[in-house]
Amino acid sequence: MISKNVFLCFFSFILCISGKSQVVDSSAKIKLVHQFHDFGDLQEGTLAKTKFTIVSVGQVPLWISSIERSCGCTTPRWPKDPIAPGDTAHIEVWFNTENRNGHFTKTLRIISNNKGGEVPISIIGNIIKAQ
């Protein structure tokens, strides 16, 4: 009788520890194909444009609510609709070189429901003064 009780206790214990529920991460996650873009040399007065590719790698749709910029010389455009898990989207960034000269680094921050919070993207380059 004791061995039967020991077996039942042991079996119950094994069921309890093996039946632990797994935690499913049901959050949105963003993956950037590239986090920065180098324009190289740009002539002053030009409007430069680049595109950042993002992938929604979470379990729920990714929503980009805004993109904060460090300067009025950059203009971002992003998808306003949710990006389904596994889907790809693009963020376009324009940089106005008018009245600027020399090396530049500009950072924008993607504000979304990304599990890790804000995600920075950057553009760099060198503006050659117009003659």
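Here is a short chat about how some labels on this predicted model are earned.

Reader: What should I know about the ground rules?
Author: The model is predicted, with local features needing pLDDT of at least 70 and side-chain atom pairs counting only at pLDDT 80 or more, while totals for chains, interfaces and linings use all residues. Residues are numbered from 1 along each chain as its sequence is written, and side-chain values use heavy atoms, leaving out hydrogens and water.

Reader: How many helices and strands does the chain have, and what makes a run count as one?
Author: There is one helix and there are eight strands, in the pattern α-β-β-β-β-β-β-β-β along the sequence. Helices are DSSP runs of H or I with at least four residues, strands are runs of E with at least two, and both are numbered from the N terminus.

Reader: Why is isoleucine 67 called buried?
Author: Buried means under 20% relative accessible area, exposed means over 50%, and partly exposed lies in between (1.4 Å probe, protein chains only). Isoleucine 67 has 8% relative accessibility, so the buried label applies. This residue sits in strand β4 (residues 64-69). Buried residues make up 34% of the 131 residues in the chain.

Reader: What does isoleucine 67 touch?
Author: Contact means heavy atoms within 4.5 Å. Leaving aside neighbours within four places in sequence, the contacts of isoleucine 67 are Pro76, Trp78, Ile91, Leu108, Arg109 and Ile110.

Reader: How do you know that lysine 106 has no salt bridge?
Author: A salt bridge needs a side-chain nitrogen of Lys or Arg within 4 Å of a carboxyl oxygen of Asp or Glu. Lys and Arg count as positive, Asp and Glu as negative, and His and the chain ends are not counted. For buried lysine 106, the nearest side chain of opposite charge is glutamate 44, 14 Å away, and there is no salt bridge.

Reader: Where is lysine 106, and what surrounds it?
Author: Lysine 106 belongs to strand β7 (residues 102-112). Beyond neighbours within four places in sequence, its contacts include Ser70, Cys73, Phe95 and Ile121.

Reader: What makes β3 and β6 a pair?
Author: Two strands pair if DSSP finds at least two bridges between them. Nine bridges join β3 (residues 47-56) to β6 (residues 88-96), and these strands run antiparallel, so the definition is met. One of the bridges matches leucine 47 with asparagine 96 in β6.

Reader: Which strands form the open sheet, and why are some called edge strands?
Author: The order is β1-β3-β6-β5, with antiparallel pairing. β1 (30-32) and β5 (74-77) are the edge strands, as each pairs on one side only.
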